[in-house]
Amino acid sequence: MTATVDPESSEWDVIVLGAAAAGENAAQYAAQFSGLSSVLVENVLVGGECSYWACMPSKALLRPVEVVDAAAHSPGVTARLEPSAVLARRDVVINGLDDTSQVKWALDTGIDVVRGYGRLTGERRIAVSRDDGPVRELTARHAVVIDTGSCPAVPDVPGLRAALPWNSRDVTTMKEVPRRVIVLGGGVVACEASTWLHGLGAAEVTVVQRGPRLLARSEPFAGELVAEELQDCGVRLCLGRGMSRVERSDPRDTGQGRVHGGEVRVTLDDGTVLVADEIVVAAGRTPNTGDIGLETVGLSPGGYLDVDDHQAVRGVPGDWLYAIGDVCGRALLTHMGKYQARIAGEVIAARAGGSQDLPSSAEGHRGLPQVVFTTPEVGSAGVTEEQAREAGIDIEVVEYDLGALAGTWVMRPDYRGRAKLVVDRAEDIVIGATFVGAGIAELVHSATTAIVGRIPLSTLWHVVPSYPTASEIWLRLLETLRSQRHAARAGGDAAGERG
């Protein structure tokens with residue numbers, strides 16, 4: 001079936017290959033804000049991974065768990081979670097895996113929608129294959145934007161694929177909560193899934209992670225605090241362990257989000273045997289670039305697309321091919337993909353109009369905000385201490401106990417959390433920030449603002465936080481940094497006198 005404003009159209013100013021959240025933004029900026037005609041080409045659901053299988057359903061599952069946890073730490077408050085109601089609400093959030101409303105939004109906005117699997121066939125040309133008709137040839141007058149996203153990676157463990165494991169799509173759209181679950185991985189998806197699986201009633205949750213800690217790309221204390229909370233709740237952590245073999249009795253595919261057969265037996269590399277009803281693979285993602293015709297424009301299929309700060313794909317002459325979202329590998333985050341889409345849309349419009357005044361995505365990528373909605377939450381922006389040192393930046397770091405604030409103590413008397421700033425010593429600006437604790441997600445935007453805006457610490461000192469709130473952490477971090485600098489100067493003066 002093809003849905004389009006004009007079913008006879010074959011030429012648009014902009015063709016967006018893939019209609020996930022980022023692709024929608026690129027088409028919108030071309031159609032609504034720049035006057036260019038645009039079309040979305042999508043083979044599955046308009047709205048993509050985030051709307052149906054990632055951000056939205058995962059947060060719908062995590063929010064009730066967060067509320068119950070907050071109640072448990074608030075004297076005089078009780079709350080009870082009903083798993084079936086939570087799953088029902090999740091289904092509402094993802095519109096029952098129906099994209100009718102998303103397609104209507106596109107058409108109402110003036111964006112055409114063509115159903116089918118799109119592949120590049122040459123410069124500015126896309127062929128769309130459909131089950132119910134012939135291949136449709138599309139041509140872009142100005143640009144093609146690739147937003148084909150990524151898919152879950154499955155490690156090459158003997159027996160793992162044959163066991164029909166759940167991936168991120170299965171676990172966010174599950175119809176019932178398995179009693180015993182093994183989660184392979186230690187990143188964002190693995191930690192969030194473990195949080196909601198346990199919170200929704202899984203009796204046994206075991207996390208197997210080859211590396212020595214969870215959330216390895218974050219500051220070390222982030223993974224440590226999340227690991228402590230998971231273990232306190234009864235989640236078993238097998239860190240520094242890999243899987244050597246997976247076996248499953250009667251493996252069968254009974255449909256997305258359902259149990260895929262009999263009992264799963266996992267043998268770890270130290271000989272430990274784990275038994276569960278389901279196994280979830282959350283061990284990274286792979287870009288969907290293997291079968292989109294990249295070879296027809298001189299690119300190698302299968303990997304991430306290398307883009308410049310205008311989101312134009314390098315190695316393709318003529319500035320007509322752009323990539324956004326997961327396929328360019330710059331930041332596998334929906335909000336960053338949408339930001340890239342806005343930049344790409346503005347660049348395409350500027351070039352179409354003959355302007356050389358082109359926006360850049362470099363500034364936004366310096367901020368790089370992210371929130372992991374575990375218990376506790378992990379929020380970050382900019383770089384970690386390790387990343388800054390690897391880049392050769394002369395830095396100072398400062399940390400503070402989030403639980404020592406009046407605002408967090410009111411929130412919960414046993415509050416546990418920590419915050420850290422990474423400061424560029426030469427420029428005296430914040431280049432990285434990490435917050436770990438309950439309810440810290442909204443702190444991330446202030447950090448992103450400070451980093452992208454390159455706000456001097458002398459100015460941040462006058463940005464007064466409300467009392468009593470968690471945002472008071474900014475004042476305490478700046479005060480601590482002042483004390484550290486004063487102590488360092490005093491130590492230096494004393495050393496000079498002794499000399």
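# Exercises on a Predicted Protein Model

The side chain of Gln387 reaches the backbone nitrogen of Thr384 at 2.9 Å. The structure shown is a predicted model, and the following exercises begin with this residue.

**Exercise 1. Determine where Gln387 lies, whether Gln387 is buried, partly exposed or exposed, and which residues Gln387 touches.**

Solution.
- Step 1: Locate the residue. Gln387 belongs to helix H11, which covers residues 385-390.
- Step 2: Classify the accessibility. The relative accessible area of Gln387 is 37%. Partly exposed covers the range between 20% and 50%, so Gln387 is partly exposed.
- Step 3: List the contacts. When neighbours within four places in sequence are set aside, Gln387 touches Arg217 and Gly382.
- Step 4: Consider a separation. Leu305 lies 82 residues from Gln387 along the chain, and the C-alpha atoms of the two are separated by 23 Å.

**Exercise 2. Describe the surroundings of His310, and decide whether His310 is buried or exposed.**

Solution.
- Step 1: Locate the residue. His310 is in the loop that runs between strand S15 (285-287) and strand S16 (321-323).
- Step 2: Apply the cut-off. Buried means a relative accessible area under 20%. His310 has 19% and is therefore buried.
- Step 3: Identify the polar partner. A polar atom of the His310 side chain lies 2.8 Å from the backbone oxygen of Pro359.
- Step 4: Examine the wider contacts. Apart from neighbours within four places in sequence, His310 is in contact with Tyr322, Ile343, Ala344, Val347, Arg351, Leu358, Pro359 and Ser360. Pro359, the polar partner in Step 3, appears in this list.

**Exercise 3. For Val281 and Gly223, state the element that holds each residue, the accessibility and the contacts.**

Solution.
- Step 1: Assign the elements. Val281 is part of strand S14 (residues 278-281), whereas Gly223 is part of helix H8 (residues 220-232).
- Step 2: Classify the accessibility. Val281 has a relative accessibility of 3% and so counts as buried. Gly223, at 1%, is likewise buried.
- Step 3: Read the contacts of Val281. Beyond four places in sequence, the residues in contact with Val281 include Ala153, Val154, Pro155, Leu160 and Trp166.
- Step 4: Read the contacts of Gly223. Under the condition that neighbours within four places are left out, Gly223 is in contact with Leu214 and Leu215.
- Step 5: Note two separations. Val281 and Ala71 are 210 residues apart along the chain, with 31 Å between their C-alpha atoms. Gly223 and Asp99 are 124 residues apart in sequence, with a C-alpha to C-alpha distance of 36 Å.

**Exercise 4. Which peptide bonds before Pro376 and Pro468 are cis, and in which loops do these prolines lie?**

Solution.
- Step 1: Recall the general pattern. Most peptide bonds are trans.
- Step 2: Inspect the bond before Pro376. The bond from Thr375 to Pro376 is cis, with omega near 0 degrees. Pro376 lies in the loop between strand S17 (370-372) and strand S18 (377-382).
- Step 3: Inspect the bond before Pro468. Tyr467 and Pro468 are joined by a cis peptide bond with omega about -5 degrees. Pro468 is in the loop between helix H14 (457-460) and helix H15 (473-498).

**Exercise 5. Explain what is notable about the phi angles of Leu97 and Asp428, and state the accessibility of each residue.**

Solution.
- Step 1: Recall the general pattern. Most residues other than glycine have a negative phi.
- Step 2: Compare the angles with this pattern. Leu97 is not a glycine, yet its phi is positive, near 55 degrees. Asp428, also not a glycine, has a positive phi of about 55 degrees.
- Step 3: Place the residues. Leu97 is in the loop between helix H4 (83-93) and helix H5 (100-109), and Asp428 is in the loop between strand S20 (418-424) and strand S21 (429-437).
- Step 4: Classify the accessibility. Leu97, at 29%, is partly exposed, and Asp428, at 23%, counts as partly exposed.

**Exercise 6. Judge whether the radius of gyration of the protein agrees or disagrees with that of a compact globule.**

Solution.
- Step 1: Find the expected value. For 499 residues, a compact globule would have a radius of gyration near 23 Å.
- Step 2: Compare. The protein has 25 Å, which agrees.
- Step 3: Complete the picture. The protein contains 15 helices and 21 strands, and 50% of its residues count as buried.

How values were computed. Residues are numbered from 1 along each chain as its sequence is written. This is a predicted model: local features need pLDDT of at least 70, side-chain atom pairs count only at pLDDT 80 or more; totals for chains, interfaces and linings use all residues. Side-chain values use heavy atoms; hydrogens and water are left out. Helices (H or I, at least four residues) and strands (E, at least two) are DSSP runs, numbered from the N terminus. The radius of gyration is taken over C-alpha atoms; the globule rule is 2.2 Å times the number of residues to the power 0.38. Buried means under 20% relative accessible area, exposed over 50%, partly exposed in between (1.4 Å probe, protein chains only). A polar contact is a pair of N or O atoms within 3.5 Å; within protein, one must be able to donate a hydrogen and the other to accept it, and residues adjacent in sequence count only if both atoms are side-chain atoms. Contact means heavy atoms within 4.5 Å.
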